[in-house]
Amino acid sequence: MADDSIAVVDLEQCQPDRCNYECANFCPPNRTGKECITTRDERYEEGEPFQGTEDQVWISEEICLGESCGICVEKCPFDAIQILNLPQELDEEPVHRYGENSFALYGLPAPEEGRVTGILGPNGIGKTTAVHILADELTPNLGEVGTESDWDAVLEAYRGTALQEYLEAMRDEEMTVARKPQYVDQIPDQFDGATRTLLEQTDERGVLDELVERLGIGPVVDQDIDTLSGGELQRVALAATLARDADFYFLDEVTPYLDISQRMTAARLIRDLAENEGRSMLVVEHDLAILDLLADAIHIGYGQPGAFGIITPPKSVKNGINEYLSGYLENENMRIRETDIEFEEHAPASNSTGKTVIEYPALGKSYGDGEFSLSVDAGEIREGEVLGVVGPNGIGKSTFAKLLAGQLDPDAGAVDAGLDIAYKPQYIDIDQPMRVDAFLSSITNEFGSSYWNTEIAQPLQLEAIMEQSLTDLSGGERQRVAIAACLSEDADLYLLDEPSAHLDVEQRVRATSAIRRYAEHNDATAMVIDHDIYMIDLLADRLLVFDGEPAIEGRAAPPQGMREGMNEFLSNLDITFRRDERTGRPRINKPGSQLDREQKNAGEYYYAP
């Protein structure tokens, strides 16, 4: 194989006990007597450590003919093999490779002192690996699999680059770092006890009270950590990280489970620490509006998820995001996506007949004296439309969804019990030890049909995980399976609560496409609750806006048009948006800027018309 190619074997997918080694039997070099594809026990000496099991396959990258052959890829019945050409412009060795025939990362982001550096790219592209390396949790091997990692060798490889000083300080143990984990819902599995105890253990700067107040977590600091919601855990994790006295802070996804106001608060806090205290931040984030607001520069990650990832040199935030959306990186002369992502102002759904599918009366729900109460004005949901639902956390959006889905009984009003509603909840708790394909086939007889594959499986990228167990899926994989399960049901209304959580930008666009296409092709009606303005902007035809006092009282008026609804929603938050002149994407105006003041004076919070 040429130096610009790579062979990857997914050990979770490779199942030699269920195949006849078609990959090896049909491999052209193998058929000429060469050992291109062998089993791992044939490759390694007895007692020599290796990844996987002895009967799984190993591919010689020196002998393999490369992507132009691809016979083993086609013959593998479990899609466990990838033979890929690396970009011709790539002229460097890997920073780290996890093993032979395993994922390889090329390039590292360069944190800058007193600045916020962002990383943007798909899941599975190596962003978290880069964070682990720079946080001194993983010593890179420079692609030399099987050799002991050595920081001196790494430093030599990066001598003369922007990372040299940083890596020298890390090698000499003169660097302190703090890292916020990606999946905050796993914190209760690692820490047991009161939230305050966790926070006090990390308060090295004596700023805990200020962080608790700014992030609005005062009401939960005396609760046990395992009682907190996802949004509360996210803010507690951010406070615990920023309370440490570190030279660099690594924040892996700060927005999941947070509403737009909480996202703005987190972004402003991060910027304040960088600008006013000289704290250095590296942030991995998929919410483009928030990344645009908080970062000084960004690195783009691209490649083939699960196979290899490449981190670009830094770019300006505006140009970097626009290049990522266009699918073409100008300095790298690299197309990373076949099509660009476009944003347009919404007209009413072209397939909506205006016919009312669901007409609900005024509804009320109270959780008891002194507890949260919700009141919703009467309204209707129309055939063929996608209704977006927006509002702060703790304001009753999920309660309303559960009322419609029949999971809660209202105290006032009644929901038509004859409605068939497919419901994807906010928090996905999958504990069934069954395969993805078995789970989805139990929901619909259409599973595996040409239509189902085209409209659901392909947009949600389910092919590669069909044979995995539900319990082994990542957060993003679980989210995509849950969306597919919801859309696979035969229902009057498809109700999806926070479908963007843990999805990267492209996966969000694909999920948006799947929901919209399903509604359009089936005259189906969907209601989507989400905090990602990009997703709502691409998806919704009308809006249902919730306001009130979080955790105390929530209320909602009838659904309204996008502009009217977004103006109401954003004015409640005192936030204005504009459209990027090049891509049309939503961008948050800097608070107090001239454009921010002009739009507020005109009452146009959702783009100037």
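The largest nonpolar core of this predicted model has 88 residues. Within this core, Leu199, Leu242, Met281 and Phe569 touch the most other members. Helix H12, spanning residues 260-277, gives the most to the core, with eight residues. In soluble globular proteins, nonpolar side chains tend to be buried together.

Take Leu199 as a way in. Which residues is Leu199 in contact with, leaving aside its neighbours within four places in sequence? The list runs Leu208, Val212, Ile217, Val221, Val236, Ala239 and Ala240.

Another core lies apart from the one just described. This other core has 35 residues. Leu440, Leu460, Leu487 and Tyr518 are among them.

Now turn to strand E11, residues 297-304. Is this strand mostly covered or mostly uncovered? Mostly covered: of its eight residues, six are buried.

E11 pairs with strand E7, which covers residues 116-120. The pairing is in the parallel sense and runs over four bridges. Here, Ile119 has His299 of E11 as its bridge partner.

E11 also pairs with strand E12, residues 308-311. This pairing is in the antiparallel sense, over four bridges. Gly301 stands opposite Ile311 of E12.

E11 and E12 form a hairpin with three residues between the strands. In that hairpin, Gly306 takes a positive phi near 85°.

To retrace the path: Leu199 is one of the residues that touch the most other members of the 88-residue core. E11, for its part, pairs with E7 in the parallel sense and with E12 in the antiparallel sense.

Technical notes. Residues numbered from 1 in each chain as written. Predicted model: local features only at pLDDT ≥ 70, side-chain atom pairs only at ≥ 80, totals over all residues. Heavy atoms only, no water. Core = buried A, V, L, I, M, F, W, Y, C linked by side-chain atoms within 4.5 Å. Buried < 20%, exposed > 50% of the residue type's maximum accessible area, 1.4 Å probe, protein only. Helix = DSSP H or I, 4+ residues; strand = E, 2+ residues; numbered from the N terminus. Contact = heavy atoms within 4.5 Å. Pairing = 2+ DSSP bridges.
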